[in-house]
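Here is a short briefing for a first look. Keep the sequence and the 3D view open side by side as you read.

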Amino acid sequence: MAVSLPVIEAERRRGRGALSNAPGRFEPHARESFDDGWQSLEDLPPFSASVTVERARTIINRNQSPDVGFDRSINPYRGCEHGCVYCFARPTHSYQGLSAGLDFETRLFAKPDAPELLAKELSKASYEPRTIALGINTDAYQPIEKEWRLTRRILEVLRDFGHPVGIVTKSSLVLRDLDILAPMAERGLVKVALSVTTLDHKLARLMEPRAATPMRRIDTLRRLSEAGVPAAVLVAPVIPAVTDAEMERILDAAASAGASEAGYVMLRLPLEIRDLFKEWLLAHFPDRYRHVLSLVKELHGGKEYDAAFGQRMTGSGPYAWTMARRFEIAVERLSFNKRAHRLTTRHFRRPAQPGQQLSLFGEEA
């Protein structure tokens, strides 16, 4: 069945991923623009990015999901200008009273106190260090990072504390911080994963319009590896009948670029993402619409999404099994994941405060 969200005019959403801007699921009223006969819609301005300051009380988020390899993360920004239509973080904008559609890509939030809050939390005597995942919900290197530089300042704090961090991004902007990342990598404190969905430039522009091009991401893997920073590739998300045929090509390209680890995640369609993705799919791939959704349902036992732990990332059934075997065969052929780069907490030190006596023997070698 086709979706019926109010599609925004193409000129107003040029360069954006979502096609609509339906109200958040917690809003009591729905609003829709319509032409009253005076061509008033033509006067509406295009969607452009704005940034609102958010004053957070804490910056380290905790989770207990067995599906991810970390229990804490930092997100210096809410919303993401990359505009990936499939982004699993889109529904979180509803908590701000905003849409998971175009609002998520244009109504952004920044947490300018994030570095100071992080230093405060790490300084607590009760804090026990474990790897922090940076930018997992929304990309920490999205375009507004060029101006706000919150991610760089957070890395400086983590470096000073000797704290391990794992980064996932779609942006080549991560290379700006090689002067911090390379020395941290020498101490086993950082690894970086690049998410690559497709190698098709045109398809990437439709799905993730403001993220780095696929080839720039592959080149970023190369430059990270050459600088001694452990680099991984995530084929994520794998979209049935749209990008699934590219899995081996993406892994081949990443291996040639020096990536040493690899992973994959199947497409997930929770909450508002379901209708946003259907709308996008119907607009750009109408001939595949029914086939894609039938495979998505096959992944989740006849449903369009199953949030159960152990199922939501990979799915189940014949199609899921096939994708898993293809990934395993490619990983074995390319010698990925032979030696995992485990990050260490042995360098963790709380910097001396004014008037505090320094350690007699200094940092562990």
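Over residues 358-365, pLDDT stays under 50. The model is predicted, and for this stretch it has eight contacts beyond four places in sequence.

**Confidence**
- Residues 34-41 also stay under 50 in pLDDT. Here the model has six contacts beyond four places in sequence.
- Across the chain, pLDDT averages 90. A score of at least 70 is reached by 90% of the residues.

**Strand E8 and its partners**
- E8 spans residues 190-195. This strand is mostly covered, with five of its six residues buried.
- Strand E7 (residues 165-169) runs parallel to E8, joined by five bridges. In this pairing, Val168 stands opposite Ala193.
- Strand E9 (residues 231-238) is also parallel to E8, through four bridges. Ser195 of E8 faces Leu234 in E9.
- Helix H5 (residues 178-186) joins E7 and E8 in a right-handed β-α-β unit.

**Aromatic rings**
- Five aromatic pairs turn up in a search of the whole structure.
- One of them is Trp280 with Phe285, a tilted pair. The centres are 5.7 Å apart, and the planes meet at 55°.
- Are Trp280 and Phe285 buried or exposed? Trp280 counts as buried because its relative accessibility is 0%. Phe285 is buried too, at 12% relative accessible area.
- Tyr127, Phe161 and Phe348 form a cluster linked by ring pairs.

**A charge over a ring**
- Arg268 lies over the face of Phe88. The distance from the ring centre is 4.8 Å.

Conventions. Residues numbered from 1 in each chain as written. Predicted model: local features only at pLDDT ≥ 70, side-chain atom pairs only at ≥ 80, totals over all residues. Heavy atoms only, no water. Buried < 20%, exposed > 50% of the residue type's maximum accessible area, 1.4 Å probe, protein only. Helix = DSSP H or I, 4+ residues; strand = E, 2+ residues; numbered from the N terminus. Pairing = 2+ DSSP bridges. Right-handed = clockwise from strand over helix to strand, strands pointing away. pLDDT = per-residue confidence, 0-100. Contact = heavy atoms within 4.5 Å. Phe/Tyr/Trp six-rings, centres within 6.5 Å; stacked < 30°, edge-to-face > 60°. Lys NZ or Arg CZ within 6 Å of the ring centre and 35° of its normal.
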